[in-house]
Amino acid sequence: MTEEQGIGPILLADCGTLTTKVVLLDRVDGEYRFVARGESPTTVEQPWADIAAGVRSAIEQISEVTGRTLLDDSGELITPSKSGDVGVDAFAATVSAAPPLRVVLGGLVGDLSVASARRAAAGTYSQLVAVLSSDGKRGLSDQERVSLIRQAGPDVVCVVGGTEGGAARPVLDLVEVATWAMLLLESERLPCMLYAGNSRLRKRVAELVDGQFELRVADNVRPSVSQETLIGAEIELDSLYVQDKLSALPGIGAVSGWSSVPLMPTARAFGRVVEYLWHLGDPKHGAVGLDLGAGNLTLATVFDGELSLCVRSDLGIAYCGDYLLESRGFDAISRWVPVPVSEADVRGFCINREIHPATIPQDPLELWLELALAREAVGMALEEARPSGRSAERGASGVRQMRPCDTILLS
């Protein structure tokens, strides 16, 4: 406790798809207070190709406002702090600027293990590029499965299926086929396999993989027909996102080197904030957080202390227009606009918004269209994260709906 009380100024950074934000906190009368903030474009792309440049720019803004010296002459963060308002004692960063993991999901039963694995992937920065399920009217042949995996070009192949002590041969067959397909991929680095099925098969899965590529294991996402365990698979997917995507961002080494704690995906950190707010409120009610960014939308809910995350990398407000038009339809977008608008106008706005994602609305119509897209994106995320288990209750109509919330956080 004495060591914690000795920590003075703290810098916190969030590197988003378009914008990098940095805030300075410091102790005032024994409590941490917000001091200043800086904001800069995220500098992953050319001409910078250095994410640290955007962080430094935001830090320099804080220095100008506060008169504090936070960076040395070489652009490195000064830590720990020194007398005379020089440096900080701690730095931490969250990042969502990297592209999502490309995930191929393989399982046995579509509405059981596969559905659970979908929810686990939805709680991370993952894009589901193919699903191999053994149930249905016509199961896929081994050749079709291999072809699907090769065409998808995944970063991760996640194999699930079999309750604890349940199905064995179908799961092992799926692992074997996935192994063939992964070894046939023409890439410098083979994908990772994440196994989150029947835990009794882990040794045999390892024997099939035989060290030919990285294998990770997690708790069975569906240990029984009525039980679901997602956190293990979510942690592994988060770890892979940090390892394969965040670590590949240009300049991320400098940002990581300033911090004494590992970099964290923004969605996971946002979820922790919502968990904290739940603890401050009525435990009988829940807390909901919605973070609508340029490239990602995150929905976090906490009921009875249980956090559930839904991350949609296809519903970021700067890039989701064309996708929403195709999936929701023109009428769904235009109903939120208070003046007549043509489909051509809406499509043109969406195209321009994607080409110039950092622009802000220039007239009321552009603002209405942006808000309309935001409403539909939020609605779509809520539908995917349809409440279940602790977060849901039966309404008057008999439909499951979200339980009451004392706290709603919007970002």
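In what order do the strands of the open sheet lie, and is the pairing mixed or uniform? The order is 13-12-11-16, and the pairing of these 4 strands is mixed. The model is predicted, with local features requiring pLDDT of at least 70 and side-chain atom pairs pLDDT 80 or more, whereas totals for chains, interfaces and linings use all residues. Residues are numbered from 1 along each chain as its sequence is written, and side-chain values use heavy atoms, with hydrogens and water left out.

**Figure 1. The open sheet of strands 13, 12, 11 and 16.** Strand 13 (306-312) and strand 16 (405-410) are the edge strands, each pairing on one side only. From one strand to the next, the twist averages 10°. Strand 12 (residues 297-303) runs antiparallel to strand 13, and 7 bridges join the two. One bridge pairs Phe303 with Glu306 of strand 13. Two strands are taken to pair if DSSP finds at least two bridges between them. Strands (E, at least two residues) and helices (H or I, at least four) are DSSP runs numbered from the N terminus.

**Figure 2. The salt bridge between Arg189 and Asp244.** The closest N and O atoms of the pair are 3.4 Å apart. Arg189 lies in the loop between helix 5 (169-184) and strand 8 (192-195), and Asp244 in helix 7 (residues 231-245), so the pair ties together parts that are 55 residues apart in sequence. Arg189 is partly exposed at 46% relative accessibility, whereas Asp244 is buried at 19%. Buried denotes under 20% relative accessible area, exposed over 50%, and partly exposed in between (1.4 Å probe, protein chains only). Arg189 and Asp244 also belong to a network of salt bridges that includes Glu214, Arg216 and Glu236. A salt bridge places a side-chain nitrogen of Lys or Arg within 4 Å of a carboxyl oxygen of Asp or Glu; the whole structure holds 24 of them.

**Figure 3. Salt bridges of Asp219 with Arg202 and of Arg37 with Glu39.** The side chains of Asp219 and Arg202 meet at 3.8 Å, N to O. This pair links distant parts of the chain, 17 residues apart: Asp219 is in the loop between strand 9 (215-217) and helix 7, and Arg202 in helix 6 (residues 202-209). Asp219 is partly exposed at 43% relative accessibility, as is Arg202 at 29%. The side chains of Arg37 and Glu39 meet at 3.3 Å, N to O. Arg37 has a relative accessible area of 42% and is partly exposed; Glu39, with 39%, is partly exposed.

**Figure 4. The contact of helix 10 with helix 12.** The axes of helix 10 (residues 321-328) and helix 12 (residues 343-355) come within 8 Å and cross at roughly 145°. These axes are lines fitted to C-alpha atoms over the stretch in contact, and angles run from 0 to 180 degrees between N-to-C directions. Gly321, Asp322, Leu325 and Glu326 of helix 10 meet Val346, Arg347 and Cys350 of helix 12, contact meaning heavy atoms within 4.5 Å.

**Figure 5. The surroundings of Asp155.** Asp155 is located in the loop between helix 4 (142-152) and strand 7 (156-159) and is buried, at 18% relative accessibility. Beyond its neighbours within four places in sequence, Asp155 is in contact with Pro100, Leu101, Arg102, Pro191, Cys192 and Lys245.
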